[in-house]
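Visitor: Got a minute to go through this one with me? I'd like to start with the cysteines.

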Amino acid sequence: NLVATMSSATTVNISLCNRTGSPIVVSLAVVPNGTPSPTNMHWIEYGHLLDGNQVIERFGIPLSSGDQVFVAPAASGISCSVYGLV
């Protein structure tokens with residue numbers, strides 16, 4: 001699922017939160033401008049088991065204008081926040 005497209009070059013932090021009490025497998029990809037969807041080289045987390053009511057954060061990810069962030073959870077209940085400096 002596409003969660004963010006950068007409007008300008010920036011450095012971001014990404015937070016994934018499991019809002020349920022059960023573990024959920026989640027994957028996170030950063031896709032460069034011009035690439036329509038993630039391929040094997042774009043995943044920065046893949047098949048990560050995120051325990052119930054837990055968070056995983058990745059900091060200081062440099063992105064260019066048009067780059068996209070994708071999250072692929074195995075079940076509903078995952079929130080994603082992308083925030084940082086422009």
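Guide: Sure. For the cysteines we need one cut-off: a disulfide is a pair of cysteine sulfur atoms within 2.5 Å. Keep in mind that this is a predicted model.

Visitor: OK, how many disulfides does that rule give?

Guide: The count is zero disulfides.

Visitor: Why is there no bond for C17?

Guide: Because the closest cysteine sulfur, the one in C80, is 10 Å from the sulfur of C17, and that is too far for a bond. Looked at from the other end, C80 is in no disulfide either, with the sulfur of C17 as its nearest cysteine sulfur at 10 Å.

Visitor: And how accessible are C17 and C80?

Guide: C17 is partly exposed, at a relative accessible area of 27%. C80 is also partly exposed, with 24%.

Visitor: Let's move to the sheets. What order do the strands take in the one with β2?

Guide: That's an open sheet of three strands, in the order β5-β2-β7, with antiparallel pairing. β5 (55-63) and β7 (78-85) are at the edges with a single partner strand each, so one side of each has no neighbour in the sheet. From one strand to the next, the twist averages 20 degrees.

Visitor: How many bridges are there between β2 and β5?

Guide: Seven bridges connect β2, residues 10-18, with β5, and the two run antiparallel. For a spot to look at, take L16, whose bridge partner in β5 is I56.

Visitor: While we're in β2, is S15 buried or exposed?

Guide: S15, which lies in strand β2, counts as buried at 13% relative accessibility.

Visitor: What is S15 in contact with?

Guide: If you leave aside neighbours within four places in sequence, S15 touches V55, I56, E57, S79, C80, S81 and Y83. You'll recognise C80 from the cysteine question, where its nearest cysteine sulfur was that of C17, and I56 as the bridge partner of L16.

Visitor: Now the other sheet. Which strands are in it?

Guide: Four strands, in the order β1-β6-β3-β4, make an open sheet with antiparallel pairing. At the edges you find β1 (2-5) and β4 (43-50), each pairing on one side only. Ignoring direction, neighbouring strands of this sheet are turned by 15 degrees against each other on average.

Visitor: How many bridges join β3 to β6?

Guide: Six bridges join β3, residues 24-31, to β6, residues 68-73, and they run antiparallel. If you want a pair to click on, L28 is opposite V71 in β6.

Visitor: Switching topic: how many salt bridges are there?

Guide: The count is one salt bridge. E45 forms it with R58, and the closest N and O atoms are 2.4 Å apart.

Visitor: Where do E45 and R58 sit along the chain?

Guide: E45 is in strand β4 and R58 in strand β5, 13 residues apart, so the pair links distant parts of the chain.

Visitor: And is E45 buried or exposed?

Guide: E45 is buried, with a relative accessible area of 14%, whereas R58 counts as partly exposed at 31%.

Visitor: One more. What is the phi of N53?

Guide: Phi of N53 is near 60 degrees, a positive value in a residue other than glycine. Most residues other than glycine have a negative phi.

Visitor: Where is N53 found?

Guide: N53 is in the loop between β4 and β5, and at 53% relative accessibility N53 counts as exposed.

Visitor: Great, thanks.

How values were computed
Residues numbered from 1 in each chain as written. Predicted model: local features only at pLDDT ≥ 70, side-chain atom pairs only at ≥ 80, totals over all residues. Heavy atoms only, no water. Buried < 20%, exposed > 50% of the residue type's maximum accessible area, 1.4 Å probe, protein only. Pairing = 2+ DSSP bridges. Axes fitted to C-alpha atoms, helices over the stretch in contact; angles between N-to-C directions. Salt bridge = Lys/Arg side-chain N within 4 Å of Asp/Glu carboxyl O. Contact = heavy atoms within 4.5 Å.
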